[in-house]
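Colleague: Could you take me through the aromatic rings in this model, with a close look at how they pair up and what sits over them? I'd enjoy a connected account.

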Amino acid sequence: MLPDVSTGGISMSMGSAISGNGTGRPDPLVSTIMIFLDAEAFMAEAIESVIAQTYPNWELLLVDDGSTDPSTAIAREFASRYPGQIRYLEHPGHVNRGMSATRNLGISAARGELISFIDSDDIWEPNKLSDQVRIMREHPELGMVCGAVLYWGSWSGDHDFLIPTGHVFDRPVPQPEALLALYPLGKADAPCPSDVMIRADVLARIGGFEEHFTGEKQAYEDQGCFSKLYLEAPVFFSSTVWLKYRQHRTSCLTTVRREGQYASVRLYYLSWLKRYLNTRGVAEPRIDEAINRSMWRYAHPVIYRLLTLPYRVLEEILWRVGKHHLLHRRRPVRPAGQPGRV
């Protein structure tokens with residue numbers, strides 16, 4: 001059964017404490033949402049990284065998308081050990097509804113004025129929440145903050161890569177600049193959902209996540225939400241590393257690429273974005289041009305495949321020998337010597 005979420009607002013018992021933050025104001029409550037589906041392998045480690053945060057005023061919502069493995073029991077056990085701070089939620093009937101609907105369930109139950117997400121296989125650095133709350137306080141106009149990311153392969157013996165998110169760092173980026181500069185329309189790396197902190201009122205204004213991004217289309221469910229946010233409020237790309245983003249072959253995007261579904265998923269996102277802009281009455285020639293440029297390959301598939309054949313052959317070879325990072329000019333970093341900044 002779902003907990004009662006009708007009270008809304010910031011929890012007084014958690015949101016009223018002042019913890020020496022130097023501002024004389026209470027620490028805002030941060031609602032952290034972890035959605036999961038059959039996540040037994042890594043889930044406890046991800047939860048422990050939230051519990052280990054130096055920032056004191058958080059709640060964790062463990063939102064079950066119909067798991068059939070022991071991860072449901074793991075989540076319930078953590079909720080029983082931390083009553084009032086960790087909560088378990090599920091869809092009625094314990095059904096599977098997809099990532100976006102499950103994130104939205106967590107958002108609807110969140111009590112904080114700030115919302116973060118962590119996937120069930122990722123790890124936060126201990127100062128993640130404290131640093132991001134400070135940035136949000138320093139820049140009240142921001143809708144979202146995120147940082148650089150450690151693409152974490154060393155947990156399984158592979159390489160680690162340090163990837164900066166965004167195109168400019170450590171300053172507010174006005175809308176809609178990020179939409180044009182970041183993937184999927186631009187070339188700069190997009191945020192990982194596990195790294196973002198978003199104001200709850202901004203999420204409410206944009207309607208949260210797009211629930212029609214289901215099945216293989218879930219590979220772009222985060223991009224749908226971020227695209228709406230880039231149009232709504234300024235964002236901040238920090239150079240600080242707060243996230244270990246676990247790399248493995250069962251991740252959603254990796255699976256979509258391996259099964260040859262990436263092109264259709266990307267086209268679905270681009271078509272949706274075009275409709276969304278029209279519905280919102282957004283008339284921005286630069287965005288229209290970027291969308292049309294991105295869709296060119298789908299209107300001319302034969303020409304595109306001929307032009308990109310050498311790249312695709314090279315990509316396949318490098319994947320097979322474990323050197324795919326060379327395509328993106330990414331240099332592996334040593335886990336033991338991981339720098340705090342890019």
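Modeller: Happy to! Let me start with a charge over a ring: in this predicted model, Arg 246 lies over the face of Trp 155, 4.9 Å from the ring centre. Trp 152 has a similar kind of partner, since Lys 244 lies over its face at 5.2 Å from the ring centre.

Now to the ring pairs, of which the structure holds 10. Trp 155 appears here again, forming an edge-to-face pair with Phe 42, at 5.1 Å centre to centre and with 80° between the planes. Phe 42 lies in the loop between strand S1 (30–36) and helix H2 (43–51), while Trp 155 lies in the loop between strand S6 (144–152) and strand S7 (160–163), so this pair ties together parts that are 113 residues apart in sequence. Trp 155 counts as partly exposed because its relative accessibility is 33%, which falls between the 20% and 50% limits.

Another edge-to-face pair joins Phe 213 and Tyr 268, with 5.4 Å centre to centre and 90° between the planes. This one also links distant parts of the chain: Phe 213 is in the loop between helix H7 (200–206) and helix H8 (221–232), and Tyr 268 is in helix H10 (residues 262–280), 55 residues apart. Phe 213 has 1% relative accessibility, under the 20% limit, so Phe 213 counts as buried. Tyr 268, at 24% relative accessibility, counts as partly exposed.

Both rings belong to a cluster: ring pairs link Phe 213 and Tyr 268 with Tyr 183, Tyr 220, Tyr 262, Tyr 269, Trp 272 and Tyr 276.

Methods
Residues are numbered from 1 along each chain as its sequence is written. This is a predicted model: local features need pLDDT of at least 70, side-chain atom pairs count only at pLDDT 80 or more; totals for chains, interfaces and linings use all residues. Side-chain values use heavy atoms; hydrogens and water are left out. Rings of Phe, Tyr and Trp (its six-membered ring) pair if their centres lie within 6.5 Å; planes under 30 degrees apart count as stacked, over 60 as edge-to-face and the rest as tilted. Helices (H or I, at least four residues) and strands (E, at least two) are DSSP runs, numbered from the N terminus. Buried means under 20% relative accessible area, exposed over 50%, partly exposed in between (1.4 Å probe, protein chains only). A charge sits over a ring if NZ of Lys or CZ of Arg is within 6 Å of the ring centre and within 35 degrees of the ring normal.
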